[in-house]
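Please work through the following exercises with the sequence and the model side by side, and try each task before reading its solution.

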Amino acid sequence: MRTTRAVPLLLATLFAVTACGAQVERSTAETVTVPRCGQPVQYRAPERAVAYEAGSADKLFALGLTDRVRGWVMPPANPPVEESPWAADYARTEKLSTDLLNRELVVDAGADLVVAGWRSGFSDERGITPELLDRLGVQSFMHTETCWNYPGHPQRVTPLEGLYEDMRRLGAIFRVPERADQVVAGMQTRVAAVTEAAPRLDPPPSVFLYDSGTDRPNTAGNQVPPNDIISLAGGRNVLGDLDARWTDVGWETVVQRRPEIIMILDYGDQSAQEKIDYLTSLPQLRSVPAIANRAFFVLDYNEGISGPRNIDGLERFGAYLKEFRR
C-alpha cells in the first residue's frame, strides 16, 4: 500500500522542520492561531484539504476554496453529491472514499488538513483523532457544533452560531477572512428574513424529529442544527429540553409530548416515505396529533447536519410553518 511510504515521508517532514531553526521561524511566521473547539491551534495555509461528509465539503466550496480541496469522503448514507448546490465543485474534486474516515486514507491522500466533526468523522474508536493527526503533521478542523462533548476542550454554542463560527475560522485558516465575513453576512440576512416572517402562534407548533430507529427512535436534542431550524422558524422542538446532540428516546416519550408535526430526516437506505409509512403503522402513536393529521415535513440530511444547507432547511421549514394550521 502507498500508506507505508507516505507515513515516513510525513514524519521526515516533521523532523526537517524541527531540526532546522530557520524553518521553525518561517513556519511559525506563516501560521495563524484559530480555535479547534476550545484549544488554540496554529494553522499553516492548507493546499490539500480532505473533507468528510457534505457538510464539511459544502463549507469549503461556499468559501470558494475548491482549488485547495484534495478530495472528499462521502459515506453511502449521504444523499448524492449531484443534489448539492455545489455539484460542480464536487465534480472538480476527487471522491476519495465512500467509507468512514480513517487514518490510512488521509495519509495516502497527502492531506494537509482534514475537516470533520467530533464523532462524525473523527473517532477514538476508529483511531482517527485530531491528536493523532497532529503527531503525523496533518492539520485538523472540527465543526464547532460538534465540540459540545469533545474531551478536554468542549465548546458550547447554538448550532447556527457554530456554523457562522466555522465559516469565519475556515476563512482565517485559508487566509480568506473577508470572503468568510461576506458568506456569514449572507447567511445571517437569510436567517433574519425567516425569523421576521415566522408565525407567532401561542403555543408554538410542537415538532418531533425522527431520524431512524424501531425499538427506540433516534432524534435531535438541543445541540444539533434541527433544533435551531425548528425554533427560528417559529416552532418548538419537543426534545429541546434534552441537553444532547443526536440521541435515542422511548416511544412513550413521543406519545407523552404529543408533537403536532414530525420532521423526517431524509437519508440512508430507508426513504422518507418509508419512514412515514413506518411511523403511521405503529399502534402506540395513533394518538399523536402529527400522526392523526399526517403532518410531516421532510428535512434533507445535509440540511440537518452542520453546513451551509442548514439555511435552506430553515427557509423551507419556515415556509411550511406559515401554512401550518392546527
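The exercises below concern a predicted model, and each task is followed by a worked solution.

**Exercise 1.** Determine how the rings of Phe61 and Tyr90 are arranged, and which parts of the chain the pair ties together.

Solution. Begin with the wider count, which comes to nine aromatic pairs. For the rings of Phe61 and Tyr90, the centres lie 4.9 Å apart and the planes stand at 80°. Ring centres have to lie within 6.5 Å for a pair, and planes over 60 degrees apart count as edge-to-face, so this pair is edge-to-face. Next, place the residues: Phe61 belongs to helix α3 and Tyr90 to helix α4 (residues 87-92), so the pair ties together parts that are 29 residues apart in sequence. Finally, Phe61 and Tyr90 are both buried. Elsewhere, ring pairs join Phe297, Phe317, Tyr320 and Phe324 into a cluster.

**Exercise 2.** Describe the pairing of strands β1 and β2.

Solution. Strand β1 (residues 32-36) pairs with strand β2 (residues 39-43) in the antiparallel sense, over five bridges. To follow one of these bridges, start from Val32, whose partner in β2 is Tyr43. Then turn to the two residues between the strands of this hairpin, where Cys37 takes a positive phi near 55°.

**Exercise 3.** Characterise the lining of the second largest pocket.

Solution. The second largest pocket has a volume of about 510 Å³. It is lined by 26 residues, of which Arg119, Ser120, Arg245, Trp246 and Tyr301 are the closest to its centre. Two or more lining residues come from each of α3 (53-62) and α13 (301-304), and α3 gives the most, with three residues. Sorted by character, the lining divides into ten nonpolar, ten polar and six charged residues.

Notes. Residues are numbered from 1 along each chain as its sequence is written. This is a predicted model: local features need pLDDT of at least 70, side-chain atom pairs count only at pLDDT 80 or more; totals for chains, interfaces and linings use all residues. Side-chain values use heavy atoms; hydrogens and water are left out. On a 1 Å grid over the protein atoms alone, a cavity is a set of points where a 1.4 Å probe fits but cannot get out, and a pocket is an open set with protein on both sides within 12 Å along at least five of seven lines; lining residues have an atom within 4 Å of a point. Grid points are joined across faces, edges and corners, and a volume is the space filled by probe spheres set on the points. Helices (H or I, at least four residues) and strands (E, at least two) are DSSP runs, numbered from the N terminus. Ala, Val, Leu, Ile, Met, Phe, Trp, Tyr, Cys and Pro count as nonpolar, Asp, Glu, Lys and Arg as charged, and the others, Gly among them, as polar. Two strands pair if DSSP finds at least two bridges between them. Rings of Phe, Tyr and Trp (its six-membered ring) pair if their centres lie within 6.5 Å; planes under 30 degrees apart count as stacked, over 60 as edge-to-face and the rest as tilted. Buried means under 20% relative accessible area, exposed over 50%, partly exposed in between (1.4 Å probe, protein chains only).
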